[in-house]
Amino acid sequence: MTPRLIFLLVLLLAAGAVAADHWAARQRGANVTPIRAGEAGTLGRPSENSGGSVDKFCGFAPCGMPLPCE
Amino acid sequence: MTSLAAPTAISATPARAGIIDRPITIFAALAIIAAASAVTQAVDLRQGSLLLIGAALGLVLYHASFGFTAGWRSFILARRADGLRAQMLTIAIAVVLILPLLALNEIGGQKLTGAYGPVGTSLVVGAFLFGLGMQLGGGCGSGTLFTVGGGNLRMLVTLAFFITGAVIGTAHLPWWSALPHLGVVRLQDVFGLWPAVALQLVALAAVAGIATWIERGHRRDAPAPATALPLSRRLLQGPWPLVWGAVLLALLNALTLVSAGHPWSITFAFNLWGAKLLIAVGVPVASWEFWTWPMPAQALAGSVLADTTSVMDFGLILGALLAAGLAGKFAPDWRIPPRSLAAAILGGLLMGYGARLGFGCNIGAFFSGIASGSLHGWVWFAIAFIGSVAGVRLRPLFGLAN
């Protein structure tokens, strides 16, 4: 098996894993609302919820880190 | 501006460089179309367009050989500053585009948020580890993805351990983030919008100027001759000058902001992929504190296609694959020397863990962080560069050429 085929096989496996994850999420009834800044769920609300070890937060950095309120 | 070769990054054994690799090109083009259609169908049109933006980023990164890692190493070892100058240029353009957009708060109903992170212990440790790891791994956040797409199997190992390190980082981030920090510092809040833009442009110009001054005092080699390829062929097959890459990456980052609501970032997806894989083998990741925070919890519970960063990363890999096919350089080689393999594993782990602690990688923290006016981007740059100096010194231990 050539490295080219191995590489393409890895790509196809990854695509299969993504498809399986998507299918499983749908089966669980999880929504597929895009997670974009200020759109989904609580993300858009500059609320003062508990953020774990960060007590108060007013949004999220792209890495998922809650940002403390000013 | 000369092209900045990244010999460890892009496949080093181009089988038929200069001749379009039709099977790979057609495969990649069809894969991009199919993936964008599938994401549009599964989520929405905007999410599908983000995959195409990711593909464009991958193509630009590959054709311009826009490697942050190689650019820094080239400066550290040979005092060649072209890579650093190109990085300062792309960030400067992004600052001018992104900071005013963020001041609008929303555009076309899409809320906008910057790439912010607190300045503190976690950032310093994370940025150092990332800088060290990027020199051992052979690529940074963007570099790892575009070289994987280009067919570099060693970088596939780096990516696997990048993911591993990132998910380990999610287990520890709550502890690290509780260590002393100044919080998020946004320069636009401190100085006002336009003074913050001006201040950052001056600082970026100063970095480029100092690098150029150092280069003039040390440079001994002649610049590489410009390619004689016709423009149309060069556009299609590369190589592109770094400055083309710099301009296009900044424009695509701004386009990402208005489409995704946040600037270009890469490594959140790695956490997510790693966490989903661990859940698949029975590890209760969802109970880890990081994954109870609203955004990570939502990402973990939902489809990976709902995560903008994941979708863009998929596009980036496919875009680089397309570019490699067009350039005739898709030539994966699985003969990886053991010490080089060890460096790929260690580098990947350090980058993954470092990216999590450092609130982003060279894209999320450095490029997009500075473009968002976040002080953490500047601190990340300084500390990661120091880490890179250490990483460059360690490369020979792993048999990696300097």
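Trainee: In this predicted model, does B:S65 count as buried or exposed?
Mentor: The cut-off for a buried residue is 20 or more other C-beta atoms within 10 Å of its own. Because B:S65 has 26 C-beta neighbours inside 10 Å, B:S65 counts as buried.

Trainee: Where does B:S65 lie, and what is its phi near?
Mentor: B:S65 belongs to the loop of chain B that runs between α2 (45-63) and α3 (68-78). Most residues other than glycine have a negative phi. B:S65, a residue other than glycine, nevertheless has a positive phi, with a value near 45°.

Trainee: Does B:N105, which has a positive phi of about 70° although it is not a glycine, count as buried or exposed?
Mentor: B:N105 is found in the loop of chain B between α4 (82-104) and β1 (106-107). An exposed residue is one with 12 or fewer other C-beta atoms within 10 Å of its own. Since B:N105 has 10 C-beta neighbours inside 10 Å, B:N105 counts as exposed.

Trainee: What is omega for the peptide bond that joins B:G238 and B:P239?
Mentor: B:P239 is found in the loop between α10 (231-237) and α11 (242-260) of chain B. Most peptide bonds are trans. The bond joining B:G238 and B:P239, however, is cis, with an omega of about -5°.

Trainee: Which element gives the largest share of the side of chain A that touches chain B?
Mentor: In the contact between the two chains, 38 residues of chain A meet 48 residues of chain B. The largest share of the chain A side, nine residues, comes from helix α1 (residues 3-28) of chain A.

Notes
Residues are numbered from 1 along each chain as its sequence is written. Chains are lettered from A and ligands numbered from 1 in the order in which they are written. This is a predicted model: local features need pLDDT of at least 70, side-chain atom pairs count only at pLDDT 80 or more; totals for chains, interfaces and linings use all residues. Two residues are in contact if their C-beta atoms, placed from the backbone, lie within 7 Å. Helices (H or I, at least four residues) and strands (E, at least two) are DSSP runs, numbered from the N terminus.
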